[in-house]
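Trainee: I have not looked at this structure before. Can we go through it by question and answer?

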Amino acid sequence: MRRFEQVSRASRHAASDDLLWRALLLERFGWRPLEAPPSWRQLYRFQHELFSRVVLQRTSEVLMHMRMGSLPVLPRMFMQAMA
């Protein structure tokens, strides 16, 4: 989306549309907040960062430990998400 924003004024305007970010959030993360956030774009960015830093990083740590033959102690919620 960042590159799309740089193409033209029209694309920048389209990329700043809050309804687009709402649709992307629902499609990518599959949940809807109880109340509309001040900015769907900011909420999407937060979710993306959370997913990237927590879930993907933790998954790579687990895979590394699996290759080494030892698993760290994992929270129950994480183990359920991996199943």
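The exchange below covers confidence, secondary structure, the core and the surface.

Trainee: In which helix is confidence lowest?

Mentor: This is a predicted model, so confidence comes before anything else. The chain averages a pLDDT of 75, and 61% of the residues score at least 70. Confidence is highest in H3, at 88, whereas a mean of 54 marks the lowest, in helix H5.

Trainee: How many helices and how many strands are there in the chain?
Mentor: From the N terminus on, the elements run α-α-α-α-α. The count is therefore five helices and zero strands.

Trainee: Which helices each supply at least two residues of the largest nonpolar core?
Mentor: That core has six residues: Trp21, Leu25, Phe29, Trp40, Leu43 and Tyr44. Those supplying at least two residues each are helix H3 (18-29) and H4.

Trainee: Leaving aside neighbours within four places in sequence, which residues is Leu25 in contact with?
Mentor: Leu25 is itself one of the core residues. Core members among its contacts include Trp40, Leu43 and Tyr44. The full list is Gly30, Trp31, Trp40, Leu43, Tyr44 and Gln47.

Trainee: Is Val55 buried, partly exposed or exposed?
Mentor: Val55 lies in helix H4 (residues 40-68). Buried means under 20% relative accessible area and exposed means over 50%. Val55 has 35%, so the class is partly exposed.

Trainee: How much accessible area do Phe46, Leu50, Val54 and Val55 have together?
Mentor: These residues form a nonpolar patch on the surface. Their accessible area together is about 350 Å².

Technical notes: Residues are numbered from 1 along each chain as its sequence is written. This is a predicted model: local features need pLDDT of at least 70, side-chain atom pairs count only at pLDDT 80 or more; totals for chains, interfaces and linings use all residues. Side-chain values use heavy atoms; hydrogens and water are left out. Patches are made of residues with over 30% relative accessible area and no salt bridge: like charges are joined within 9 Å, nonpolar side chains (Val, Leu, Ile, Met, Phe, Trp, Tyr) within 5 Å. Accessible areas come from the Shrake-Rupley method with a 1.4 Å probe; for residues, only the protein chains shown count as cover. A salt bridge is a side-chain nitrogen of Lys or Arg within 4 Å of a carboxyl oxygen of Asp or Glu. Helices (H or I, at least four residues) and strands (E, at least two) are DSSP runs, numbered from the N terminus. Buried means under 20% relative accessible area, exposed over 50%, partly exposed in between (1.4 Å probe, protein chains only). A nonpolar core is a set of buried Ala, Val, Leu, Ile, Met, Phe, Trp, Tyr and Cys residues joined through side-chain atoms within 4.5 Å. Contact means heavy atoms within 4.5 Å. pLDDT is the predictor's confidence in each residue, from 0 to 100.
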